[in-house]
Amino acid sequence: MDTAKSQGTLLDRRVSILLLAIVATVNGQIRYSVPEEMRKGLFVGDVAKDLGLDVKRLVSGRARLVIDDDSQYVVLNQNKGHIVVNERIDREKLCAKKSPCSFSIEIVLEDPLELFSITIEIQDVNDHAPVFPKKEINLDISESTPTGTVFLLDSAADPDVGINSLQSYSLKANDHFVLKQHTRVDGNKYAEMVLQSALDREEQSKHTLILMAVDGGEPQRSGTVKIHVTVLDANDNAPVFTQSLYKASVLENVLRGTVIARVSAVDADQGYNGNVTYFFTHLEEDSPCPFEIDTYTGEVKLTGDIDYEVSPYYEINLQAKDPWGVVGASKLVIEVTDVNDHSPVITLASYSGKISEDSALGTVVALISVQDKDSGKNGQVHLNIDGNLPFKIKSSLRSYYTLVTEKNLDRENRSKYNITLTATDEGSPALTSSKTVVLDVTDVNDNAPAFSQSVYSTLLMENNSPGVALLQIHATDPDQDQNARISYFIIDSEINGNPVSSCFSINAQSGVIQALRSFDYEQTKEYKMRVKAQDGGSPPLSSNTTVIVRVQDQNDNPPQVLYPVQTGGYVVGEMVPRSADVGYLVSKVVAVDVDSGQNAWLSYKLQKATDRALFQVGLQNGEMRTIRQVTDKDPVNQKLTVIVEDNGQPSRSATVIINVAVADSFSEVLSEFTDFTHDKEYNNKLTFYLVLALAVVSFLFITCLVVIISVKIYRWRQSRVLYHSNLPVIPYYPPRYSDTLGGTGTLQHVYNYEVCRTTDSRKSDCKFGRAGCQNVLIMDPSSTGTMQRIQSEKSILDEPDSPLEVS
């Protein structure tokens, strides 16, 4: 129905409306009314005339428009005092379905400061035709559907408002269906198709209908959609919803995927004919529904974003359908509950950042705009500042405030103010936003340099190279020329008994601080110094600041094993009974790392072992335990090497050797040590004589061989015979048994042992005394067999159930 002729008529109407733009001034506010789609540069209103202002005042006061929205729909012509169109205005884009549609602007004049509010109302023109979301509607209807059954149809969408919006539906005349129109609470219209006479599939299986939607504009616009009805075989019962109207409420900040409601319909049919599926109907194409319904369960979930400020409620038509197309209808109303989810936004509409100290009381410092997108109390905002400042907030037009002086200013007392503007709404809980502005008080040249920070801090990795730059400090002086030339000095002081000048230096012009030597984190972790900034005035003025240098740790220290202690001439051992179960605590390695952080995180690993299948070491606690049952086949002497690593990059480590004796009694361990000492002495002598005899025999044999060969060569001079002998010498070394320290985990009780033996005896007689204090038996490998007894009164570990550890 849109033709070139109708478009021309519409353009003429727009121009006519433009020439008759309405101007209304109510309570100091001006209101203009203009149609949408106006071209750029067309006249909107004469603000100079309507406000009673001279055009020269607009120019001298640097008049400008303050618009809340990002779009600059209109601009101000200062030379004429006119407001003209700056860009195309689309009412549907600006306000959607909201009516009336308007936007507000403010005209700000300076010297003195004046503020005028202007509202521009956008009139709708019929530039949209009703449009259905689908080109065709397909309905499957059983031939047994009773007359009077209602079929919901998809609604047409028309973004225009008022008389230009969708007004009515009409259905092409037919023998079976009639059309009923309804209006929702929000004013939108939708249509229902009612079965007027029974269908007969055998007579006619398909019907084609035409649904038309028309608006009330001039010229009138319309849209159509085809309805294809397929008649199905009989299905006696239609689905019936359990409620004719479902209601639900949801917070506007609820997460997507949340189940909002659950609807249910019952079909009296059995089996396949009783299966019910659920659908939303007559949804508008330009207003996507933020909800979806599960076709089989009837659960309604949130799938999009909802905003109370955009739409406070949703009215959705429900349809339940059985497999043969028989449907039932209901309605779901979802109310959106407003949540205080928008913080106030503070904007400085006019602010210079400076004020003279001789300004009169009430002088305007800044013009402030505060906006909150929430509605009701959630959108009511209050603006405040700190009460200790010589300023106050005064309310102005609408959401505008002015910051004015309340007390006399004295620059010698304070030259700069950090003013924190705090905006709080009336929501529950209330949301707050703040904005800090800095105000300078201008005056004569009588100010000392001021640092940008009261405390400077920096990080420095230890073991640094001398001369490395640490940080740059900066001070400002509002004076000019020579009085504003700043020099930096480090104030003489001592750090750990050393003058600070021996550790750090500063560039007098740039303020760059350098390290003069290398630092050690383990020696000193933090350095504090005072730095002075001095101007070039006469007399000079200065100010100080604090610089903190924090030394960062490097992994430059390996772990230190505290236990077991590594002795110089002795090897202390641990004893494990052969009856020890799995998990038996043998010993524990204790180590520390003087580094910090992850550089001091230690882990313990078993590096070497006589039998790796018998022992394991806890990764974090260093506990050494058995991982299987001890057997008689296990050797008595077990030598374990544990490595302790830190978590630094690169990591550092330390190792400790632990000798473990696998025996059931202390006497068995002593017997092994006795045999070891005697056999070693005997075998050492035997080895010496064997080597000496072998050397003599070898010398004689070689001498004889040389003589025989020489004679043979001399006599026969024929063949040469070469003899070679290679006799291996394999000395026998008996196993060494480490000395044993009786401790927790090896012996159930503590005994005193008295050992007596002769120099030539192969075994010693051991006398076992009563239970007493702890004893350590130490075998001196350099002695001829004499065993010493050393009594120790002090335990190595404080834990009573921890094993004594061996180095």
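Which residue stands opposite Arg625 in strand 50? Gln616 does; view 3 has the details. This is a predicted model, where local features need pLDDT of at least 70, side-chain atom pairs count only at pLDDT 80 or more, and totals for chains, interfaces and linings use all residues. Residues are numbered from 1 along each chain as its sequence is written, and side-chain values use heavy atoms, with hydrogens and water left out.

**View 1. The largest nonpolar core has 28 residues.** Such a core is a set of buried Ala, Val, Leu, Ile, Met, Phe, Trp, Tyr and Cys residues joined through side-chain atoms within 4.5 Å; buried means under 20% relative accessible area (1.4 Å probe, protein chains only). Val74, Ile105, Ile107, Ile118 and Ile120 touch the most other members. Strand 7 (101-109) is one of the suppliers of at least two residues, and it gives the most, with 5. Strands here are DSSP runs of E, at least two residues, numbered from the N terminus.

**View 2. Strand 2 (29-35) runs parallel to strand 8.** The two pair over 6 bridges (pairing takes at least two DSSP bridges), and Arg31 has Thr119 in strand 8 as its bridge partner. In strand 2, 5 of the 7 residues are buried, so the rest of the structure largely encloses it.

**View 3. Three strands make an open antiparallel sheet, in the order 46-50-49.** Strand 46 (585-588) and strand 49 (615-617) sit at the edges with a single partner strand each, so each has one side without a neighbour in the sheet. Strand 49 pairs with strand 50 (residues 623-626) over 3 bridges, and that's where Gln616 faces Arg625.

Definitions and conventions:
Buried < 20%, exposed > 50% of the residue type's maximum accessible area, 1.4 Å probe, protein only. Helix = DSSP H or I, 4+ residues; strand = E, 2+ residues; numbered from the N terminus.
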